[in-house]
Amino acid sequence: FLAAVTLTSSLALLPAQTLNIDCGAYENYTAADGTPWLSDRYFTGGQQLYTSYPVTGTADSALFRTARVGYYGGFNYAIPVANGQYKVTLRFAEVGYWVAGQRIFNVSIDGSPVLTNFDVIAQGGYYKVIDRQFPVAVTGGTIRIDVQGVVNQGLLSAIQIAPSGEADTPPPSAPVPSLSASPTSLSFS
């Protein structure tokens, strides 16, 4: 019974609100500015990458100490959201390699390439935060993010999905997860 409840709730469409996912994290995180980041979810494949070293370029080094990587192939996220217009921000911090060219990967959103031969170190160095933003129009109730390694494996540290226009409401029969008053827990109504 619990497995069915967990599966059903994780597949429900999320309402048009900002959703923050801390990739590779096992626990929720509250940023220095109070922004809640949910533990890693909605992924298929990939493994956790962790470092204890600080990441620069952010007040939230702990947020970037974990990442999802594809040690044994690519990985993806299928994030249920209400149909509408969104701004998807992909956040990266290279914490495994230290020379440009050691990790190169491709990223697509809903089947469209958004980053090709992307190298975090070449874009800004290692142990530093790099953000890339993309507009996304959702018509099928899901944002799918695919990460495929070209040289070694792909990496993704955090995902932020923010509504950028009017979004359709999800069907009334679908359980809709929402952030409760406590930013570190997820409640279902």
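This passage describes salt bridges in a predicted model.

Side chains of opposite charge can pair when their charged atoms come close. Four salt bridges are present in the structure. Three of them are described here, beginning with Arg68 and Asp40.

Arg68 pairs with Asp40. Their closest N and O atoms are 2.8 Å apart. Arg68 belongs to strand β6, residues 66-69, whereas Asp40 sits in the loop between β3 (36-39) and β4 (43-44), so the salt bridge ties together parts that are 28 residues apart in sequence. Arg68 has a relative accessibility of 5% and counts as buried. Asp40, at 11% relative accessibility, also counts as buried. Both values fall under 20%, the limit for a buried residue.

A second salt bridge joins the side chains of Arg91 and Asp131, with an N to O distance of 2.8 Å. This pair links distant parts of the chain. Arg91 lies in strand β8, residues 84-93. Asp131 lies in strand β11, residues 129-138. The two residues are 40 residues apart. Arg91 is buried, at 16% relative accessible area. Asp131 has a relative accessible area of 32%, so this residue is partly exposed.

Arg144 and Asp146 form another salt bridge. Here the closest N and O atoms are 3.2 Å apart. Arg144 counts as partly exposed, at 36% relative accessibility. Asp146 counts as buried, because its relative accessibility of 16% is under the 20% limit.

Technical notes: Residues numbered from 1 in each chain as written. Predicted model: local features only at pLDDT ≥ 70, side-chain atom pairs only at ≥ 80, totals over all residues. Heavy atoms only, no water. Helix = DSSP H or I, 4+ residues; strand = E, 2+ residues; numbered from the N terminus. Buried < 20%, exposed > 50% of the residue type's maximum accessible area, 1.4 Å probe, protein only.
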